[in-house]
Structures are given as structure tokens and as C-alpha cells.
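Reader: Could you take me through one part of this model in some detail? I would like to look closely at the open sheet and at what lies around it.

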Amino acid sequence: MKTKYLISGLALLAIMSCKTSLNVANVQTEKNISISQDLPEDAVFRKTIEPYKMELEGKMNKVISHTSIDLTKQGDNSTLGNLLADYTFEGADEWAKKNGIGNGVDAAVINIGGIRTTIGAGDILTKQIYEVMPFENEVIIVKMKGSDLQGLFDYYLKTLKNNPVSHLYIETDNGMNVKELVNGKEVEPTQTYYIATSDYLALGGDNMDYFKKGEMIPTGIKLRDLFLEKFIANPEIKVPSDMRLNFKNKKNKTDE
């Protein structure tokens, strides 16, 4: 029995000796370079990127429009919120009519939290639109039954949040929906409606789960690109002044 184990052991050693020996790479410790303000600038790198940097800064600092008043996010009918909601509606409506939705879209809903900053009175630069909308969100059209739109109205009743809308009027008072209009008309439960929004909201973002009941129609339009296009097309901004969200006796402020 001992002889058997001895033979097996010798055989194993023979097999292992036939294998190529493992070479360990020679690792040497190099000097660490600390990143700080004192680190000298690479002149070659700076020279290489300078033309691209100048070109980018030129584009970002280009004046594309002008506003005589501050465009803000404050209030239930904020100047910037309503303006961008209208731009969302217009872009989606144009796309819809070119792509088989004959009557276009019926309304638009965006979220105030997605508008990341405001625009002060004066010239409007390209970079400000990137600051307002830094995300790569896409315009989505949600096809919904009129009966499913009740979820939208109930959302605003519950939250009283100033998420901007276009072609919608929502009035609440003391915990009740008082008036709900799409394009100035009451909702027909059996009618089909097309609501423009962002992919973030269409997928239930900001707790807007009611959109999940509809059919999502992607447009391929990026919200930021659309907003840039609209500001360029409007050298002097005209701010919407109509009331869209009318939360009477509102106690808890949720304005962004």
C-alpha cells in the first residue's frame, strides 16, 4: 500500500515538473504624483485643447434670446415652468402631426424639479439652457383614455405641487377637485388623449404613476435640444400669463 502511494506521488511530481514554470513580473514602485494647484500645467496639452476650448466657450456664450423679466420656478404658475411646458407642448404637437397623430397632442406635463435653475432678465446664452436642463431626457407622448386622466388630476389634488402644465387647467379647493379642463373642455371618459411629457415622468418618476396606464410613444426629441430651438426661434421671450394651476386655500407650500 505504501509503495502504491509512493508511485502516485512520484508520478504527480513528474507531471508538475513538465509544466512551464510561472514567472512573476518584476514590479517596481514608482513615484506618486500628488494632484494639487501647485502641479505645473502641461504646455503641450494646453496648446492641443485650446482651439477646442475656445470654440466651445464661443458656442456656450452665444446670445440666443432675451427676456425682459426674470424667468423663475416660484409659484404655482411659474414664468419659466409655464414657458417650458408650452415649448414641450409645441415640440410634441408638431412631431405628432407629422407622425400620424392628426390632431396633435392635447396637453403637456413636466416636472419643476427637472428645471435645475432660473434665468435672470437680460440676454439669454446657450449655456444657460444647458444649466436649466442638464439631463438627456426625451419627449414622450402618452396615449391615454379620458377615464385614466383622473389619475393626473388626483395627483395634483393630493400633492398641490407646482409641476408645470400646458393646455391644462386644474382647480382645487379644500381637498376637492373643482374644475378639470383639457384645452378648455371637460374630459370625456371614452375619448383618447395624447399627453406630452418627459421619459422620466412617463415611467412613473416623481410619483406620476398614472402615466403607466397609457401607451408610450417615443419621439426621439431631447428636451434640451427642443428648448434651445425654441429660445433661438424667439429672440424676445413672451412669458405666458394665464393661470393653469389654481390651488385655492393652499396651506402647504410645495413650490420648488
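Author: Happy to! In this predicted model, the open sheet is built from four strands in the order β8-β7-β6-β11, and their pairing is mixed. The edges are taken by β8 (185-186) and β11 (245-248), each of which has a single partner strand, so one side of each has no neighbour in the sheet. Further in, β6 (residues 168-173) and β7 (residues 176-182) run antiparallel to each other and are joined over six bridges. If you would like a spot to zoom in on, try Asp173, which stands opposite Met176 in β7.

Now turn to the helix that goes with this sheet. Helix α5 (residues 150-159) lies across β6, β7 and β11, and runs at about 135 degrees to β7.

From there, have a look at the aromatic rings. Tyr155 and Tyr156 belong to one aromatic cluster together with Tyr210 and Phe211. A pair of aromatic rings is described by the distance of the centres and the angle of the planes. By the ring-centre rule, the model has four aromatic pairs. In the pair of Tyr210 and Phe211, the ring centres are 4.6 Å apart and the planes stand at 45 degrees, so this pair is classed as tilted. Both partners are hidden from solvent by the accessibility criterion: Tyr210 has 7% relative accessibility and counts as buried, while Phe211 has 0% and counts as buried too.

For the wider setting, consider the nonpolar cores. The largest one has 34 residues, and those with the most contacts inside it are Leu84, Ile119, Ile124, Ile129, Ile141, Phe227 and Phe231. Elements that each supply at least two residues of this core include α3 (79-98), β4 (138-145) and α7 (223-233). The most comes from α3, which gives nine residues. Leu84 makes a good place to start: beyond its neighbours within four places in sequence, Leu84 is in contact with Ile110, Ile115, Val132, Phe227 and Phe231. Apart from that core lies another, of 24 residues, among them Ile140, Val142, Val165 and Met208.

A friendly word on confidence before you start any calculation. The protein averages a pLDDT of 87, with 77% of the residues scoring at least 70. Over residues 1-20, however, pLDDT stays under 50, and the model has zero contacts there beyond four places in sequence. Where pLDDT is low, the predicted coordinates should not be read in detail.

Terms used:
Residues are numbered from 1 along each chain as its sequence is written. This is a predicted model: local features need pLDDT of at least 70, side-chain atom pairs count only at pLDDT 80 or more; totals for chains, interfaces and linings use all residues. Side-chain values use heavy atoms; hydrogens and water are left out. Two strands pair if DSSP finds at least two bridges between them. Contact means heavy atoms within 4.5 Å. Axes are lines fitted to C-alpha atoms, for helices over the stretch in contact, and angles run from 0 to 180 degrees between N-to-C directions. Rings of Phe, Tyr and Trp (its six-membered ring) pair if their centres lie within 6.5 Å; planes under 30 degrees apart count as stacked, over 60 as edge-to-face and the rest as tilted. Buried means under 20% relative accessible area, exposed over 50%, partly exposed in between (1.4 Å probe, protein chains only). A nonpolar core is a set of buried Ala, Val, Leu, Ile, Met, Phe, Trp, Tyr and Cys residues joined through side-chain atoms within 4.5 Å. pLDDT is the predictor's confidence in each residue, from 0 to 100.
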